Amino acid sequence: MARKSWNEYFMEITEMVATRSTCDRAFVGCVLVNKDHRIVSTGYNGSIAGNPQCDEIGHAMRDGHCIATIHAEMNALLYCAKEGISVKGCSAYVTHFPCLNCTKALIQAGIVAIYYKDSYRVDEYALELLERNNITVKQLKF
């Protein structure tokens with residue numbers, strides 16, 4: 001069997017992480033990886049830890065969005081913030097193209113590349129920000 005590429009390897013892990021999502025509107029996973037190909041953090045869509053989850057009580061909808069859910073990218077970043085782990089220079093593997101707010105957070109945190117599988121609600125301003133900040137962005141199709 002041929003050895004998987006790093007991109008294939010991390011995207012498969014990202015898809016597995018997404019299976020932990022508790023908001024069934026979108027099963028999204030995120031894996032943050034450092035330059036040495038080590039996983040720094042993972043995240044998936046879900047409510048605040050210790051609070052009721054969407055799969056338990058339903059969605060808290062506002063303006064077409066579930067406001068109870070923290071996005072996968074934010075959960076991965078927030079874990080690092082809580083534990084004092086730097087993500088500067090890391091790459092993000094995400095099952096879906098990040099929303100505008102997650103894109104801004106990833107850029108601000110020092111992420112240098114975003115690899116995603118599904119084009120979901122791709123925001124033009126997010127693309128502009130990624131280009132302006134020289135962030136590598138690549139859709140992975142295997």
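Buried means under 20% relative accessible area, exposed means over 50%, and partly exposed lies in between. The exercises below apply this scale to a predicted model.

**Exercise 1. The annotated binding site**

Classify His71 and Cys102 by accessibility, and establish where the residues of the UniProt "binding site" lie relative to one another.

*Solution.*

Step 1. The unreviewed UniProt entry lists His71, Cys99 and Cys102 under "binding site". These residues span 32 positions in sequence, yet no two of their C-alpha atoms are more than 8.9 Å apart, so they gather at one spot. His71 and Cys99 are also included in the lining of the largest pocket.

Step 2. His71 has a relative accessible area of 32%, so this residue is partly exposed. It is found in the loop between strand E4 (65–66) and helix H3 (72–83).

Step 3. Cys102 has a relative accessible area of 1% and is therefore buried. Its place is in helix H4, which covers residues 100–109.

Step 4. The contacts tie the site together. Setting aside residues up to four places away in sequence, His71 touches Tyr44, Asn45, Cys99 and Cys102. Under a like exclusion of neighbours within four places, Cys102 is in contact with His71, Glu73 and Met74.

**Exercise 2. Cysteine pairs**

Determine how many disulfides the structure holds, and explain the result for Cys102.

*Solution.*

Step 1. A disulfide is a covalent bond between the sulfur atoms of two cysteines. The cut-off applied here is a sulfur-to-sulfur distance within 2.5 Å.

Step 2. For Cys102, the closest cysteine sulfur is that of Cys99, at 3.7 Å, which is too far for a bond.

Step 3. The count for the structure is zero disulfides. Cys23 is accordingly in no disulfide, and its nearest cysteine sulfur, that of Cys54, is 3.9 Å away. Cys23 is buried, with a relative accessible area of 4%.

**Exercise 3. Aromatic pairs**

Assign a geometry to the ring pairs Tyr9–Phe10 and Tyr93–Tyr115, and place them in the chain.

*Solution.*

Step 1. The structure holds six aromatic pairs. Planes under 30 degrees apart count as stacked and those over 60 as edge-to-face.

Step 2. The ring centres of Tyr9 and Phe10 are 5.0 Å apart, with 65 degrees between the planes, and the pair is edge-to-face. Tyr9 is partly exposed at 38% relative accessibility, whereas Phe10 is buried at 1%.

Step 3. The rings of Tyr93 and Tyr115 have centres 4.9 Å apart and planes at 25 degrees, so this pair is stacked. The pair links distant parts of the chain, with Tyr93 in strand E5 (residues 91–96) and Tyr115 in strand E6 (residues 113–118), 22 residues apart. Both are buried, Tyr93 with a relative accessible area of 5% and Tyr115 with 15%.

Step 4. Ring pairs join Trp6, Tyr9, Phe10, Tyr93 and Tyr115 into a cluster.

**Exercise 4. The nonpolar cores**

Identify which members of the largest nonpolar core touch the most other members, and which elements supply the core.

*Solution.*

Step 1. In soluble globular proteins, nonpolar side chains tend to be buried together.

Step 2. The largest core has 24 residues, of which Leu32, Val87, Ala92, Leu106, Ile111 and Ile114 touch the most other members.

Step 3. At least two residues of this core come from each of strand E1 (29–33), H3, E5, H4, E6 and helix H5 (124–132). H3 gives the most, with four residues.

Step 4. Apart from this core lies another, of nine residues, among them Tyr93, Ala113, Tyr115 and Leu140.

Step 5. Ile111 illustrates the packing of the largest core. Leaving aside neighbours within four places in sequence, its contacts are Leu32, Val87, Cys90, Ser91, Ala92, Leu106 and Ile135.

**Exercise 5. Tyr125**

Describe the surroundings of Tyr125 and its separation from Asp36.

*Solution.*

Step 1. Tyr125 lies in helix H5 and is partly exposed, with a relative accessible area of 38%.

Step 2. Not counting residues up to four places away in sequence, Tyr125 touches Leu100 and Arg132.

Step 3. Tyr125 and Asp36 are separated by 89 residues in sequence and by 31 Å in space, C-alpha to C-alpha.

Note on methods
Residues are numbered from 1 along each chain as its sequence is written. This is a predicted model: local features need pLDDT of at least 70, side-chain atom pairs count only at pLDDT 80 or more; totals for chains, interfaces and linings use all residues. Side-chain values use heavy atoms; hydrogens and water are left out. UniProt positions are given in the numbering used here, feature names are shortened, and annotations may be inferred rather than shown by experiment. On a 1 Å grid over the protein atoms alone, a cavity is a set of points where a 1.4 Å probe fits but cannot get out, and a pocket is an open set with protein on both sides within 12 Å along at least five of seven lines; lining residues have an atom within 4 Å of a point. Buried means under 20% relative accessible area, exposed over 50%, partly exposed in between (1.4 Å probe, protein chains only). Contact means heavy atoms within 4.5 Å. Rings of Phe, Tyr and Trp (its six-membered ring) pair if their centres lie within 6.5 Å; planes under 30 degrees apart count as stacked, over 60 as edge-to-face and the rest as tilted. A nonpolar core is a set of buried Ala, Val, Leu, Ile, Met, Phe, Trp, Tyr and Cys residues joined through side-chain atoms within 4.5 Å.
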